[in-house]
Structure formats: structure tokens, C-alpha cells
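Grab the model and work through a few short exercises on it. Try each task yourself before you read the solution.

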Amino acid sequence: IPLFLVFAGSYGQREAVGLGVIYLLARTLYAVGYVRDPKGRGVGAILTFVVQVLLAVGAIGAILFKLPQ
């Protein structure tokens, strides 16, 4: 949640909500894949990881960009 909030404050709510929706869909895919067959959770896990990396890179970049030089 902290990454999401920093990202939303730096890049805009629309972009943050878009990543949030993708994250929720990815977690749903992960859960469904895990219930059906634990080996089938890969797509959800990868999408979740990608969204988290995008949020982290965006939040850290925004923080570093706003630091006094």
C-alpha cells in the first residue's frame, strides 16, 4: 500500500488505479490457478511481480527525483 500511495501521489491517480486493477486481476488469477493446480499459478505470480516492480521503481524514482540536489 505505501508504494501504491507514493506512486499515486507522484504519477497520478489514473495510472495508480490502472496498476491496482491489474494487481487485483493478477492475484485473482494466482488464487484460481493455485486452487485448480498449484503449478498453474505462474501467470498470476508473474503479473503480480511485474506490477509490484513498476510500483517500486516508480515510487523510488519519484522520491529520488524530488530530493534536493
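The exercises below go from the overall fold to single residues.

This is a predicted model, where local features need pLDDT of at least 70, side-chain atom pairs count only at pLDDT 80 or more, and totals for chains, interfaces and linings use all residues. Residues are numbered from 1 along each chain as its sequence is written, and side-chain values use heavy atoms, with hydrogens and water left out.

**Exercise 1. Work out the secondary structure of the chain and how spread out the chain is.**

Step 1: count the elements, taking helices (H or I, at least four residues) and strands (E, at least two) as DSSP runs numbered from the N terminus. You get three helices and zero strands, in the order α-α-α.

Step 2: check the radius of gyration, taken over C-alpha atoms, against the globule rule of 2.2 Å times the number of residues to the power 0.38. The chain comes out at 14 Å, well over the 11 Å the rule gives for 69 residues, so it is more spread out than a compact globule.

Step 3: look at the C-alpha trace, which spans about 50 × 20 × 15 Å along its principal axes.

**Exercise 2. Find the length of α3 and what covers its buried residues.**

Step 1: α3 runs over residues 42–66. Its 25 residues reach 36 Å from first C-alpha to last, close to the 36 Å expected at 1.5 Å a residue (the expected span is 1.5 Å times one less than the number of residues).

Step 2: pick out the buried residues, meaning under 20% relative accessible area (exposed is over 50%, partly exposed in between; 1.4 Å probe, protein chains only). In α3 these are G44, T48, V51, L55, G58, A59 and A62.

Step 3: see what lies over them. The cover includes α1 (2–11) and α2 (13–36).

**Exercise 3. T48 and F49 are both in α3; is each one buried or exposed?**

Step 1: T48 has 5% relative accessibility, so it counts as buried. Beyond its neighbours within four places in sequence, T48 is in contact (heavy atoms within 4.5 Å) with Y23, A26 and R27.

Step 2: F49 has 54% relative accessibility and so counts as exposed.

Step 3: recall the helix geometry. An α-helix has 3.6 residues a turn, so residues three or four places apart point the same way.
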